Structures are given as C-alpha cells and as structure tokens.
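Hi everyone, thanks for making time. I'd like to walk you through a structure that has been on my screen this week, so please have a look at it with me.

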Amino acid sequence: MSAAATTATKLLLSDLAPTLTNVPSDYIRPISDRPSLTDQTHISDGSIPLIDLQGLNGPRRSDIIKQIGQACQHCGFFQVKNHGISEAMINNMLSIARTFFKLPESERLKIYSDDPSKPTRLSTSFNVKTEKVSNWRDFLRLHCYPLQDYVHDWPLNPPSFREDVGDYCTSVRGLVLRLIQAISESLGLPSDYIDKEALGKHGQHMALNYYPPCPQPELTYGLPGHTDPNLITLLLQDDVPGLQVLRDGNWVPVNPIPSTFIVNIGDQMQVLSNDRYKSVLHRAVVSRDKERISIPTFYCSSPDAVIGPAKGLVDQDHPAVYRDFTYAEYYKKFWNRGLATECCLEMFKASSTV
Ligand code: OGA
Ligand code: NI
C-alpha cells in the first residue's frame with residue numbers, strides 16, 4: 001500500500017507510523033521551519049533553573065520564592081525537585097500512558113474525536129480540522145477539575161486508569177496550588193490572590209502525549225513552537241529528550257531529569273502579571289528510534305472567570321497591557337487559530353484593534 005493510501009485509512013498516528021519508512025507529505029514542514037536537530041547537540045541541559053522545593057513552607061521560603069520569581073521573569077520555565085509527588089506515582093502515571101497507547105486500535109478509536117470542545121477525547125496532531133501541516137503526535141486530552149464532573153467519562157482501560165489518574169490529578173493540583181501561592185508572593189500580591197481572586201472556580205486539564213518513533217525527525221515536529229494558553233503548566237516527561245525552549249533566540253533542549261516536573265508560565269499568567277512574567281515559546285521534536293511520552297497538566301481558570309492584569313500591578317507607570325477577557329473566549333481562539341509562534345495574546349492587548 002502506498003503511504004497516501006495508508007494515511008487515508010488510519011486516524012491515529014500510533015497506528016500509521018509503524019508502517020512508514022518516510023514521513024508523509026502532510027507532516028513535512030517548509031525548509032525554513034524545520035527542527036535543525038544537529039545544531040542542538042552542543043547545548044547541554046541545565047539550561048532552565050532547577051529549583052528545590054524542600055523547605056518551601058519553612059525557613060527557605062523567601063529564598064525559594066525569589067528563585068521562582070527570577071525564573072518566571074527571565075526564563076518562563078523552571079524545573080522542580082522535592083515537590084512532594086512520589087516517584088511511584090510518577091512512574092505509574094507514565095506506565096499507564098504507555099499502556100493506553102498500546103491498546104488495540106479499535107479500543108482507542110472508541111474515544112477518538114477531532115472536536116476541541118469535547119472534555120475527554122483521543123486525537124492526533126493538534127487540530128486536524130484547521131491546521132495546514134500535521135504534527136507527529138497522538139494525544140489523550142482530559143479535563144480533571146472538578147474531578148467528579150469528568151471522571152465518569154474517562155477511559156476504563158487500563159483498568160486502574162480512573163482511580164490512578166484521578167489520584168495523580170489531585171496530587172498535581174496540590175503542587176500547583178503551592179506554586180501559585182509562591183508566584184503570587186513573588187509578584188508582591190497577597191499569597192492567595194491567584195487562587196482566590198483570579199481563577200474563578202479553577203480548571204485543570206491534562207494531556208497524555210504520545211510521540212511515535214519517526215523515520216525522518218528532521219522534517220517534522222511533535223509539536224511546533226507555541227505558548228500554552230493556560231495559567232501554568234506542569235510537565236512530566238519520560239526519559240527520552242524532545243522538549244525545547246526558546247532562550248535568547250536559541251532553541252534549547254530540556255533534557256529529562258527523573259522525578260522532576262517542568263513548570264512553565266502560560267498566557268494567562270503573562271496577562272495577570274501585566275507582562276512581568278513571560279509565556280515562552282517551546283516545542284517538541286521527535287526521535288528516530290524511540291517513542292516518547294509526556295504528560296502536561298494545564299492549570300487554568302474556570303471558563304467564565306474574567307482574566308486581566310492584577311490591579312495591584314497596574315499603575316501610572318505600568319498601564320494595563322491587556323484588556324479583561326474570559327478564558328472561554330481565549331481558549332476558543334487558541335484551538336481555532338492553531339499553534340503559531342505569534343501567540344493569541346496580541347489580540348487581547350488593551351491597545352489592540354483586532
Ligand atoms: C504541550 C507541550 C511539550 C512536550 O503539550 O503543550 O508543550 O514535551 N508539550 O510534550
Ligand atoms: Ni506546551
């Protein structure tokens with residue numbers, strides 16, 4: 001069968017990729033927008049700060065908050081260790097994801113959908129309905145807070161999925177709440193400002209990303225450069241490198257450190273901080289011989305909450321950079337517009353006329 005005929009018969013990349021020796025044309029990026037994988041090898045990891053959270057509620061608090069603030073301001077990314085989530089829970093989560101993507105095609109297809117408004121769905125690439133070039137990724141997307149509103153819709157296979165993934169979500173939420181308290185303080189806001197004033201009833205989404213091995217990784221992306229639309233993302237990745245972060249105009253790989261989380265500032269935090277903290281471009285490249293799993297938790301406001309620059313960060317010298325808007329409005333734009341290096345925030349500037 002030709003590659004084109006195979007493409008037409010498979011919805012998910014995990015079922016298509018093993019049959020291919022070349023990347024199909026709809027996955028190939030224009031020459032000006034390719035990963036340039038060979039350029040990366042000389043850059044070592046450790047390029048984003050690693051922050052030890054041990055003692056966050058003790059004598060080291062002010063020092064840790066300072067480190068977090070510096071990282072949010074200068075890098076938009078940091079990694080955390082001693083975050084309180086056990087190695088066993090992390091390894092189990094990665095193993096559930098691996099098992100899920102190895103389920104028979106017919107089982108996985110039961111929850112396939114290309115409708116971004118569906119809270120539980122398995123899909124591929126980013127938004128197959130609107131994008132021009134496909135991405136080398138399948139993903140299971142879940143809404144996870146409040147858990148009881150969504151868990152009944154989650155996969156039943158592997159059998160421990162609902163219970164174990166639910167526990168993981170609850171633990172990650174606990175860590176996020178500690179981090180957003182610290183971030184509020186680092187901005188000079190009351191420690192409960194983001195939790196209580198900015199996020200409404202709160203929201204939490206998660207993706208289980210599966211990047212199959214790719215015969216020509218230099219031609220395509222797992223995910224092209226983008227910023228995250230939400231408030232803050234906690235990424236768990238397995239031991240296969242792939243994440244790259246834009247720093248001073250260079251794409252810098254963030255090589256995996258076992259049992260750490262990668263934390264990044266999303267667009268909502270950039271707005272709330274009135275541009276003090278930046279939502280930074282990042283992307284995922286793929287590997288020739290190894291599959292890769294990553295599991296981002298996207299913490300956000302509830303869809304109806306009004307997001308805008310915190311009043312405490314707006315004054316005559318620092319006028320509001322953005323207008324107020326709801327996350328529902330923003331989120332819809334994000335999915336329809338597709339992943340683009342120019343993030344959606346431009347459209348929400350106080351001075352924007354679009
Ligand atoms: C994302 C993302 C990076 C990765 O899902 O938004 O940036 O390494 N993922 O999978
Ligand atoms: Ni992202």
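Before I show you a domain label, one word on what such a label is: UniProt positions are given in the numbering used here, feature names are shortened, and annotations may be inferred rather than shown by experiment. Please also keep in mind that this is a predicted model.

With that said, the UniProt record, an unreviewed entry, carries the annotation "domain: Fe2OG dioxygenase" for residues 201-301. In the model, the C-alpha atoms at the two ends of that span lie 7 Å apart. As for its make-up, the span is 45% strand and 6% helix.

Let's go to the metal. Which residues coordinate the nickel ion, ligand 2? They are His226 and His282, each through NE2, and Asp228 through OD, at 2.1 Å. Along the chain, these donors follow the spacing H-x1-D-x53-H. Are His226 and Asp228 buried or exposed? His226 has a relative accessibility of 7%, so it counts as buried. Asp228 is buried too, with a relative accessible area of 4%.

Now for ligand 1. The residues around ligand 1 include the metal donors His226, Asp228 and His282. Also on that list are Leu223, Leu235, Leu243, Ser294, Pro296 and Phe298, along with Asn209, Tyr211 and Arg292. Those last three are worth a pause, and I'll take them one at a time. The side chain of Tyr211 has an N or O atom 2.7 Å from an oxygen atom of ligand 1. For Arg292, a polar side-chain atom lies 2.8 Å from an oxygen of the ligand. And for Asn209, the distance between an N or O atom of the side chain and a ligand oxygen is 3.3 Å.

Next, one strand that I like: E10, residues 261-265. How many of its five residues are buried? Five of the five are. On one side you find Phe261, Val263 and Ile265, and on the other Ile262 and Asn264, so both faces are covered. Strand E10 has partners as well. Strand E2, residues 77-81, pairs with E10 in the antiparallel sense over four bridges, and there Phe78 stands opposite Val263. Strand E7, residues 232-237, also runs antiparallel to E10 and is joined to it by four bridges. In that pairing, Ile232 stands opposite Ile265.

Since somebody always asks about cysteines: how many disulfides does the structure hold? Zero. Why is Cys169 not in one? The closest cysteine sulfur, in Cys144, is 3.7 Å from the sulfur of Cys169, and that is too far for a bond, because a disulfide needs the two sulfurs within 2.5 Å. For Cys300 the closest cysteine sulfur is again in Cys144, at 9.1 Å, also too far for a bond. Both are tucked away from the surface: Cys169 is buried at 2% relative accessible area, and Cys300 counts as buried at 2% relative accessibility.

One last stop, at Ile194. Ile194 sits in helix H8, residues 193-198. With a relative accessible area of 0%, Ile194 is buried. Its C-alpha atom is separated by 42 Å from that of Ala17, which is 177 residues away along the chain.

That's my tour. Thanks for listening, and I'm happy to go back to any part of it.

Notes:
Residues are numbered from 1 along each chain as its sequence is written. Chains are lettered from A and ligands numbered from 1 in the order in which they are written. This is a predicted model: local features need pLDDT of at least 70, side-chain atom pairs count only at pLDDT 80 or more; totals for chains, interfaces and linings use all residues. Side-chain values use heavy atoms; hydrogens and water are left out. Buried means under 20% relative accessible area, exposed over 50%, partly exposed in between (1.4 Å probe, protein chains only). Two strands pair if DSSP finds at least two bridges between them. Donors are N, O and S atoms within 2.8 Å of the metal (3.2 Å for Na, K and Ca); water is not among the atoms, so sites may look incomplete. A residue is near a molecule or strand if one of its heavy atoms lies within 4 Å of it. A polar contact is a pair of N or O atoms within 3.5 Å; within protein, one must be able to donate a hydrogen and the other to accept it, and residues adjacent in sequence count only if both atoms are side-chain atoms.
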